[in-house]
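These are my notebook entries from a first look through this structure. I went from the backbone to the ligand, and I wrote down what I looked up in the order I looked it up.

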Amino acid sequence: MEREFDTRSIHWMEPKREVHGSLTPPLYLSSTFVFPTAEAGEARFAGLEDGMIYSRLGNPTVAVLEQAVADLEQGEAGLAFGSGMGAISAVLIAMVESGDHILCSEGLYGCTYGLLAMLKQKFKVDFSLIDMSDPAKVAAAMRPETKVVYVETPINPTLKLVDLKAVSEIAHAHGAQLVVDNTFLSPALQQPLLLGADVVVHSATKYLGGHGDLIAGVAVGRKAFLDEVRMSTLKDIGAVMAPMEAWLILRGLKTLPVRMERHCANAMKVAEYLAGHEKVTRVDYPGLADFPQKELAERQMRGPGGVISFEVATLEAGRKVLNSVRLAQLAVSLGEATTLIQHPASMTHSVVPPEVRREEMGISDGLIRISVGLEAAQDIIADLEQALAEI
Ligand code: 4LM
């Protein structure tokens, strides 16, 4: 019988398989691995024999993490990277060539936009951002040269959603692959591969690790594709995950479902508080009763996640809030125990040209993003209360 997600988050390694029966995975801090014979070394390089070679090509601790995340995303295989951007760039560069087109959700993490802009400028790989809330618009935007549909859902930081099942059908009907960045929800709340995605990417820096102590990325998808990425863009560009990072993420995974439950419960309370505050002009959170894509949120996600965006009347008022928080920390990143608050227009999305940011991505200058942590909800709310009172 297939075990439940909460159980699989903890039981990704059978201790009896380890030499000493260690309950936690051994940390293999070795850059290289000794071949038993010259013939075995040759066979490993040729891919004819399993076995470690060199930690840029694979490491036993990292391999446990790759398998664990693949299992949680219900994919065939996983591939670990030194950062979320390492995963995104290796996957996209492996999928496209000069002259191809990537169709993207209207909003993307700022550095993902920066990567696409660089691919366009230096390597003639075109991309476009479109509002994917209407599948007909996605179908109309597909071009003969569209090889990849690249989606964030919820979108960073506007929290708009994309219907993954509908978009995967459109992508596949046009011979394109669907890549989904699942960073904002983690597999505890959303499993894009089960909705038709070909590859899922993660910034493991966020909820997978969960403690704000590392930078890492993971991709999950078909084994044949990820084997190819391992031996091409991962190997040759070299954004590999370090074994210590893999070990820490494995530790984080054990509490992922419990943490996500608390992130959602806390964020729901904070979002409702903000929605009722006279100085808050707008709140975006998929858990709110009046969220415009409520039906999709309930169909596609097991919970609304821990990130909220909100607006106050002016940029100056927003700065006042950011400078007045005491419990929440003024920092980028998200998905960890500490509540983090930041200003996308001048921080995470500052690399996006202002007109694209405002008009295409819908990120106003006054938008504030909060990653609700695991503290007591009433303390987070009390902190926001005193910060909003400073306006
Ligand atoms: C942030 N985000 O938003 P690495 N995909 C998504 C992300 O939000 C991020 C990455 C990929 C933030 C970082 C400062 C949806 C990052 C990139 O930072 O390369 O692990 O992930 O605050």
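**Entry 1: the backbone.** I began with Pro154, which I found in the loop between strand E4 (146-152) and helix H7 (164-173). I kept in mind from the start that I was reading a predicted model. Looking at the bond that joins Thr153 and Pro154, I noted that it is a cis peptide bond, with omega at about -5°. I then moved along to Pro157, whose place is also in the loop between E4 and H7, and I noted that the peptide bond leading to Pro157 from Asn156 is cis, with omega near 0°. I marked these bonds because most peptide bonds are trans.

I also looked up Gln74, which is in the loop between helix H3 (60-73) and strand E1 (77-81). Its phi is near 60°, a positive value in a residue other than glycine. I wrote this down because most residues other than glycine have a negative phi.

**Entry 2: contacts of the ligand.** Asn156 came up again when I turned to the ligand, since a polar atom in its side chain lies 3.0 Å from a ligand oxygen atom. For Thr205, I found an N or O atom of the side chain 2.6 Å from an oxygen atom of the ligand. With Ser333 I had to look at the backbone instead, where a polar atom is 2.7 Å from an oxygen atom of the ligand. I then checked how much of the ligand is covered: on its own it has 500 Å² of accessible area, and the protein covers 92% of that.

**Entry 3: the shell and its place.** How many residues surround the ligand? I counted 19, and the closest are Asp181, Thr205, Lys206, Ser333 and Arg369. By kind, the residues of this shell divide into 7 nonpolar, 8 polar and 4 charged. Helix H4 (residues 84-95) gives the most to the shell, with 3 residues.

Why does the ligand lie between domain 1 (5-253) and domain 2 (257-388)? I noted that both domains give residues to the shell around the ligand, so the ligand lies between them. Last, I looked up the pockets, and the space that the ligand takes is the second largest pocket.

Technical notes: Residues are numbered from 1 along each chain as its sequence is written. This is a predicted model: local features need pLDDT of at least 70, side-chain atom pairs count only at pLDDT 80 or more; totals for chains, interfaces and linings use all residues. Side-chain values use heavy atoms; hydrogens and water are left out. A residue is near a molecule or strand if one of its heavy atoms lies within 4 Å of it. A polar contact is a pair of N or O atoms within 3.5 Å; within protein, one must be able to donate a hydrogen and the other to accept it, and residues adjacent in sequence count only if both atoms are side-chain atoms. Accessible areas come from the Shrake-Rupley method with a 1.4 Å probe; for residues, only the protein chains shown count as cover. On a 1 Å grid over the protein atoms alone, a cavity is a set of points where a 1.4 Å probe fits but cannot get out, and a pocket is an open set with protein on both sides within 12 Å along at least five of seven lines; lining residues have an atom within 4 Å of a point. A molecule sits in a cavity or pocket if more than half of its atoms lie within 2 Å of its grid points. Helices (H or I, at least four residues) and strands (E, at least two) are DSSP runs, numbered from the N terminus. Ala, Val, Leu, Ile, Met, Phe, Trp, Tyr, Cys and Pro count as nonpolar, Asp, Glu, Lys and Arg as charged, and the others, Gly among them, as polar. Domain bounds come from an automatic or database domain assignment.
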